[in-house]
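Colleague: I am new to this one and would love a close look at a single part. Could you walk me through it once it is on screen?

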Amino acid sequence: MIFVTGGTGYTGRWVVAELLKRQRRVKCLVRKTSDVDDLDHEDVSLVRSNLEAVDNWEGELAGCDAVISVAHIKYAPFVIDACKKHGVSRVVFFSSTWRFSKVKTPVVASLIQAEEAIKASGLDYTLLRPTMIYGPGDDHNISRLREFIKRRPIMPVFGSGEQHVQPVFVSDVARAAVDAVFCNEAIVQAFELAGADALTYNDMLNTLSESMG
């Protein structure tokens, strides 16, 4: 049994689907108001609560082999405490390549702080840091940029547009997360997840524009 947080999010749904494809049973922590239609499967059980209400869900970790925490890494301390209390040592956490940003915003600081807490936790953790995730539907990244281009005749570009980006497809991210759970060599390691090809921001805009005619 694999316990998943963030299973109703864009990437989380793909992670759950990948686990099911590998015939794994899944337990998902979901908010009471979340749309769970995509989790309607006989091998998926739902725990309705939220990450901060640890007392309401931590007992559901009993009997689980591992946790994949797709939810925002700022919630990592809640996951760490629950795992320690119920003897679950194997955890895959999602962070972001934003943690390497030279602009130290509060968001970047929170990523770094959470990663440090994970590294000091004593758990058999793996940290995954995806770049810009894209895929079918509303991926909250490329899809919104595509819609902006579609609706407006002008696309503003700040700076030269020559900075490199390396978007990663969502199914590759999901596969990496599940692979990591069952890979001993991934324990106490961090991995940046990027697509195969680097391109400039301008090239990405041109590619999206051309794809839409």
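Is Arg175 buried, partly exposed or exposed?

Modeller: Happy to help! This is a predicted model, where local features need pLDDT of at least 70, side-chain atom pairs count only at pLDDT 80 or more, and totals for chains, interfaces and linings use all residues. Residues are numbered from 1 along each chain as its sequence is written, and side-chain values use heavy atoms, leaving out hydrogens and water.

Arg175 is partly exposed, with a relative accessible area of 37% (buried means under 20%, exposed over 50%, partly exposed in between, using a 1.4 Å probe and protein chains only). Asp172 is partly exposed too, at 33%. These two residues form a salt bridge, their closest N and O atoms being 2.9 Å apart (a side-chain nitrogen of Lys or Arg within 4 Å of a carboxyl oxygen of Asp or Glu). Both belong to helix 6, three residues apart, about one turn of the helix (helices are DSSP runs of H or I, at least four residues; strands are runs of E, at least two; both are numbered from the N terminus).

Other residues of helix 6 are buried, among them Val170, Val173, Ala177, Val178 and Val181. Now to the core. The largest nonpolar core has 29 residues (buried Ala, Val, Leu, Ile, Met, Phe, Trp, Tyr and Cys joined through side-chain atoms within 4.5 Å). Helix 6 gives the most to this core, with seven residues. Ile68 is in contact with Ala177, Val178 and Val181, among others (contact means heavy atoms within 4.5 Å).

Note on methods:
Lists of a residue's contacts leave out its neighbours within four places in sequence.
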